[in-house]
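Trainee: I'd like to go through this one and ask how each label is earned. Can we start with the picture?

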Amino acid sequence: MLRFKLKERIADKEFGERRRITIQEVAEATGITRNTLSKMLNQHGISVRSENLDRLCAYFDCKIEQLVEYLPD
């Protein structure tokens, strides 16, 4: 199963920029729907397009392994 570390990336960005970042802001900046981001935050094992992972890595300026973690079932 894949675990998305979206909460951690948001927290890091908030700390670095010293401001609150909303899911809506991430959605607008990346072009990913708020619904998809909410699923990444709250559901286990959802399917996400590689294009969305690419957009999130660009937004958070991170590597894929900082965004996604593999957990054996």
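Mentor: Sure. This is a predicted model, where local features need pLDDT of at least 70, side-chain atom pairs count only at pLDDT 80 or more, and totals for chains, interfaces and linings use all residues. Residues are numbered from 1 along each chain as its sequence is written, and side-chain values use heavy atoms, with hydrogens and water left out.

Trainee: What percentage of the 73 residues in the protein do buried residues make up?

Mentor: They come to 36%. Buried means under 20% relative accessible area, exposed over 50%, and partly exposed in between, using a 1.4 Å probe and protein chains only.

Trainee: Why does Arg9 count as buried?

Mentor: Its relative accessibility is 14%, and the cut-off is under 20%, so Arg9 counts as buried.

Trainee: Which residues is Arg9 in contact with, leaving aside neighbours within four places in sequence?

Mentor: Phe60, Cys62, Gln66 and Leu67. Contact here means heavy atoms within 4.5 Å. Arg9 itself is found in helix α1, residues 6-17.

Trainee: What secondary structure does the protein have?

Mentor: Four helices and two strands, in the pattern β-α-α-α-α-β along the sequence. Helices (H or I, at least four residues) and strands (E, at least two) are DSSP runs, numbered from the N terminus.

Trainee: How do you know that the radius of gyration agrees with a compact globule?

Mentor: The rule is 2.2 Å times the number of residues to the power 0.38, with the radius taken over C-alpha atoms. For 73 residues that puts a compact globule near 11 Å, and the protein has 12 Å, so the two agree.
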